[in-house]
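Dear colleague,

I am passing on a structure that I have been looking through, and I would be glad if you kept it open beside this email while you read. My notes follow directly below it.

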Amino acid sequence: MKVTVLNYTGSVGKTVTASHLLAPRMNSAQIFAVESTNETSADLGLSVDQLRGEHFGRLFRELLTRDDAIVDVGASNIEDFLTHMMRYEGAHEEMSYFVLPVINTGKAQRETIKTVAALAELGVDPERVRILFNRVGASVEDEFPSILAYAAKTGEVRANPEAAIFENEVFELLADLRTTIADVLADQTDYRALLKAADRSDHVRISQLSNRHALRALAQPVDRQMNAAFTALFA
């Protein structure tokens, strides 16, 4: 499966989507970051091939040789990316899906609708355009009425309310530690035992160990929720 993650607006969770949701569930697919200014999955320690939107030709040739890939398109590069993709007839068909993360601000929802419309203009099949509701507080239906109404009215995008990532402090902790949920869960270190054995006067060591143990405790339920979101996203 090959997935492009994009949106005309920034700070909606494209890198979180690529690194925490998609990569662990897509055979550790190579991530191509089409980005020049913001954080990419490389900042979390993942293997990333970074390029700009104007380099679409190189990206297209790479995709032709792969069964699985994730293309993380930054907001600063989406115009160039779409413009250059148009020059290669049928290039968008090389992608299995286009995933649009969105948060519950008015601007983010408007820009997401703009992104959906741009993909529709390129001739992308609506079945291959999927909304991912990100940083959900409690209810997708209450927080994203514009997106849901647009999807129902136009049929240009699939917006499944179950395809949702809920607000959680774990993502900030992961960014601070430059790691991923998958890496946290793969770490078999017994931090509880190390805490018991640690010198009580070594406050730095105590803090590091307790933070790691707390991070794993947060990551486990989030990982299960990510499994459900991934299934719903591509249902």
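**What I found in the model**

Glu169 is exposed, with a relative accessible area of 52%, and so passes the cut-off of over 50% that the word exposed requires. Please keep in mind throughout that this is a predicted model.

Glu169 sits in the loop between β7 (164-166) and α7 (170-177). On the surface, Glu169 gathers with Glu167, Glu172 and Asp176 in a patch of negative charge.

**Salt bridges**

How many salt bridges does a search of the whole structure find? The search finds five salt bridges, and I will take some of them in turn.

In one of them, the side chains of Lys2 and Glu94 meet at 2.4 Å, counted from N to O. This pair links distant parts of the chain, since Lys2 belongs to strand β1 (residues 2-5) while Glu94 belongs to the loop between α3 and β5, 92 residues apart. Lys2 is buried, because its relative accessible area is 8% and buried means under 20%.

Another salt bridge brings together the side chains of Asp223 and Arg25, with a distance of 2.9 Å from N to O. Asp223 lies in helix α10 (residues 203-233) and Arg25 in the loop between α1 and β2, so this pair ties together parts that are 198 residues apart in sequence. Are these two partners buried or partly exposed? Asp223 is partly exposed, with a relative accessible area of 21%, whereas Arg25, at 18% relative accessibility, counts as buried. The two values fall on either side of the cut-off, because buried means under 20%.

Arg66 forms a salt bridge with Glu62, and here the closest N and O atoms are 3.5 Å apart. Arg66 counts as partly exposed at 30% relative accessibility, and Glu62 also counts as partly exposed, at 25%. Elsewhere, Glu127, Arg130 and Arg158 are joined into one network by salt bridges that share partners.

**Aromatic rings**

The count of aromatic pairs comes to seven. In one of these pairs, the rings of Phe60 and Tyr88 have their centres 5.3 Å apart and their planes at 55 degrees, so the pair is tilted. Phe60 lies in helix α2 (residues 56-64) and Tyr88 in the loop between α3 (78-86) and β5 (97-102), so the pair ties together parts that are 28 residues apart in sequence. Phe60 counts as buried at 15% relative accessibility, while Tyr88, at 30%, counts as partly exposed.

How are the rings of Phe230 and Phe234 arranged, and why does the pair count as edge-to-face? Their centres are 5.1 Å apart and their planes stand at 70 degrees, which is over the 60 degrees needed, so the pair is edge-to-face. Phe230 and Phe234 are both buried. Ring pairs also link Phe56, Phe60, Phe81 and Tyr88 into a cluster, so that Phe60 and Tyr88 appear here once again.

**Two residues with positive phi**

Most residues other than glycine have a negative phi. With that in mind, you may like to look at Asn27, which has a positive phi of about 60 degrees although it is not a glycine. Asn27 is placed in the loop between α1 (14-22) and β2 (30-34), and at 67% relative accessibility Asn27 counts as exposed.

Ser28 also has a positive phi, near 50 degrees, and is likewise a residue other than glycine. Ser28 is found in the loop between α1 and β2, and Ser28 is exposed, with a relative accessible area of 63%.

**A contact across the sequence**

Finally, how far apart are Leu6 and Val73, in sequence and in space? Leu6 and Val73 are 67 residues apart in sequence, and yet their C-alpha atoms are 5.1 Å apart in space. Leu6 is found in the loop between β1 and α1, and Leu6 is buried, with a relative accessible area of 0%.

With best wishes

Terms used
Residues are numbered from 1 along each chain as its sequence is written. This is a predicted model: local features need pLDDT of at least 70, side-chain atom pairs count only at pLDDT 80 or more; totals for chains, interfaces and linings use all residues. Side-chain values use heavy atoms; hydrogens and water are left out. Patches are made of residues with over 30% relative accessible area and no salt bridge: like charges are joined within 9 Å, nonpolar side chains (Val, Leu, Ile, Met, Phe, Trp, Tyr) within 5 Å. Accessible areas come from the Shrake-Rupley method with a 1.4 Å probe; for residues, only the protein chains shown count as cover. A salt bridge is a side-chain nitrogen of Lys or Arg within 4 Å of a carboxyl oxygen of Asp or Glu. Lys and Arg count as positive and Asp and Glu as negative; His and the chain ends are not counted. The place of a charge is taken as NZ of Lys, CZ of Arg, CG of Asp or CD of Glu. Helices (H or I, at least four residues) and strands (E, at least two) are DSSP runs, numbered from the N terminus. Buried means under 20% relative accessible area, exposed over 50%, partly exposed in between (1.4 Å probe, protein chains only). Rings of Phe, Tyr and Trp (its six-membered ring) pair if their centres lie within 6.5 Å; planes under 30 degrees apart count as stacked, over 60 as edge-to-face and the rest as tilted.
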